[in-house]
Amino acid sequence: MTPETGTSAAPALPLEAADIMRIIPHRFPFLLIDRVVELEPGKRVVAVKNVTANEPQFTGHFPDRPIMPGVLMIEALAQAGAVAVLSLPEYRGKLALFAGIDACRFRRTVLPGDQLTLTVELEKLRGMFGRAKAVATVGEEVAVEATISFVIPRDQSIAGGQTDG
């Protein structure tokens with residue numbers, strides 16, 4: 001807490017991959033954010049995903065026309081949102097798991113060479129549940145937008161089949 005504002009101080013920016021991995025548990029090949037450029041813990045995050053041709057999904061999606069799968073764009077948004085939540089002292093070291101995806105719209109294909117800007121704004125964070133508006137853009141064009149919900153399990157086990165988020 002900072003005495004002036006009574007809020008948690010955000011880490012020094014930008015956060016690079018090593019810093020991000022201290023906040024969320026994702027690792028290669030499933031860490032889908034490269035840098036955090038803006039962060040208000042518990043409120044908002046802006047992160048960057050550099051889409052490169054050598055990523056494993058492009059060997060099969062699709063070999064002659066590589067397109068970033070929509071589910072991976074949503075996952076990248078969820079990981080960015082997890083950074084915003086798990087940066088708060090009360091959630092540090094915990095997992096955030098998907099609880100729902102609503103109003104999801106894919107607006108643009110994302111190709112190797114594109115840079116995704118991932119903006120996640122938390123609408124609700126109460127106890128172990130949260131909801132956020134999430135938008136991924138390439139330049140000024142929206143690639144995907146959705147409302148994502150998450151839960152932070154009390155026991156922190158990954159039982160019941162939920163293993164991502």
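Leu-116 has Val-138 of β5 as its bridge partner. That pair belongs to an antiparallel pairing of strand β4 (residues 115-126) with strand β5 (residues 129-138), which runs over 10 bridges. The model is predicted, with a mean pLDDT of 90 for the protein and 88% of residues at 70 or more. A search of the whole structure finds nine salt bridges, and helix α2 (residues 70-86) is largely enclosed by the rest of the structure, since 15 of its 17 residues are buried.

**Strands β4, β5 and β6**

- β5 pairs with β4 in the antiparallel sense, and β5 also pairs in the antiparallel sense with strand β6 (residues 141-151), over 10 bridges.
- In the pairing with β6, Ala-132 stands opposite Ile-148.
- The hairpin of β4 and β5 has two residues between the strands, and Gly-127 there takes a positive phi near 60°.
- The hairpin of β5 and β6 likewise has two residues between its strands, with a positive phi of about 65° at Gly-139 in the turn.
- In a regular strand, side chains alternate between the two faces of the sheet.

**Helix α2**

- The 17 residues of α2 should span 24 Å at 1.5 Å a residue, and the C-alpha atoms at the helix ends are 24 Å apart, so the two values agree.
- Of these 17 residues, 15 are buried, which means that the rest of the structure largely encloses α2.

**Salt bridges**

- Side chains of opposite charge can pair when their charged atoms come close.
- Glu-16 and Arg-35 form a salt bridge, with 3.0 Å between the closest N and O atoms. Glu-16 lies in the segment before α1 (17-21) and Arg-35 in strand β1 (residues 35-40), so this pair ties together parts 19 residues apart in sequence.
- Both partners of that bridge have intermediate accessibility: Glu-16 is partly exposed, with a relative accessible area of 30%, and Arg-35 counts as partly exposed at 36%.
- Glu-121 and Arg-44 form another salt bridge, their closest N and O atoms being 3.3 Å apart. Because Glu-121 lies in strand β4 and Arg-44 in strand β2 (residues 44-50), the pair ties together parts that are 77 residues apart in sequence.
- Glu-121 is partly exposed, with a relative accessible area of 39%, and Arg-44 counts as partly exposed at 24%.
- Arg-131 forms a salt bridge with Glu-123, with the closest N and O atoms 2.9 Å apart. Arg-131 is partly exposed, at a relative accessible area of 29%, and Glu-123 is partly exposed at 41%.
- Glu-38, Arg-44 and Glu-121 are joined into one network by salt bridges that share partners.

**Loop between β2 and α2**

- Gln-57 is placed in the loop between β2 and α2. Its relative accessibility is 17%, so Gln-57 counts as buried, the limit being under 20%.
- The side chains of Gln-57 and Glu-55 are joined by a polar contact of 2.9 Å.
- Leaving aside residues up to four places away in sequence, Gln-57 touches Pro-69 and Leu-72.
- Phe-62 lies in the loop between β2 and α2 as well, and a cis peptide bond joins His-61 to Phe-62, with omega about 0°.

**Other backbone features**

- The peptide bond from Phe-28 to Pro-29 is cis, with omega near 5°. Pro-29 lies in the loop between α1 and β1.
- Ala-103 has a phi near 50°, a positive value in a residue other than glycine. Ala-103 is placed in strand β3 (residues 97-106).
- At 56% relative accessibility, Ala-103 counts as exposed, because the limit for that class is over 50%.

**Confidence**

- Over residues 1-6, pLDDT stays under 50, and the model has five contacts beyond four places in sequence for this stretch.
- Over residues 158-165, pLDDT also stays under 50, with 16 contacts beyond four places in sequence.
- Where pLDDT is low, the predicted coordinates should not be read in detail.

Definitions and conventions
Residues are numbered from 1 along each chain as its sequence is written. This is a predicted model: local features need pLDDT of at least 70, side-chain atom pairs count only at pLDDT 80 or more; totals for chains, interfaces and linings use all residues. Side-chain values use heavy atoms; hydrogens and water are left out. Two strands pair if DSSP finds at least two bridges between them. Helices (H or I, at least four residues) and strands (E, at least two) are DSSP runs, numbered from the N terminus. pLDDT is the predictor's confidence in each residue, from 0 to 100. Contact means heavy atoms within 4.5 Å. The expected span of a helix is 1.5 Å times one less than its number of residues. Buried means under 20% relative accessible area, exposed over 50%, partly exposed in between (1.4 Å probe, protein chains only). A salt bridge is a side-chain nitrogen of Lys or Arg within 4 Å of a carboxyl oxygen of Asp or Glu. A polar contact is a pair of N or O atoms within 3.5 Å; within protein, one must be able to donate a hydrogen and the other to accept it, and residues adjacent in sequence count only if both atoms are side-chain atoms.
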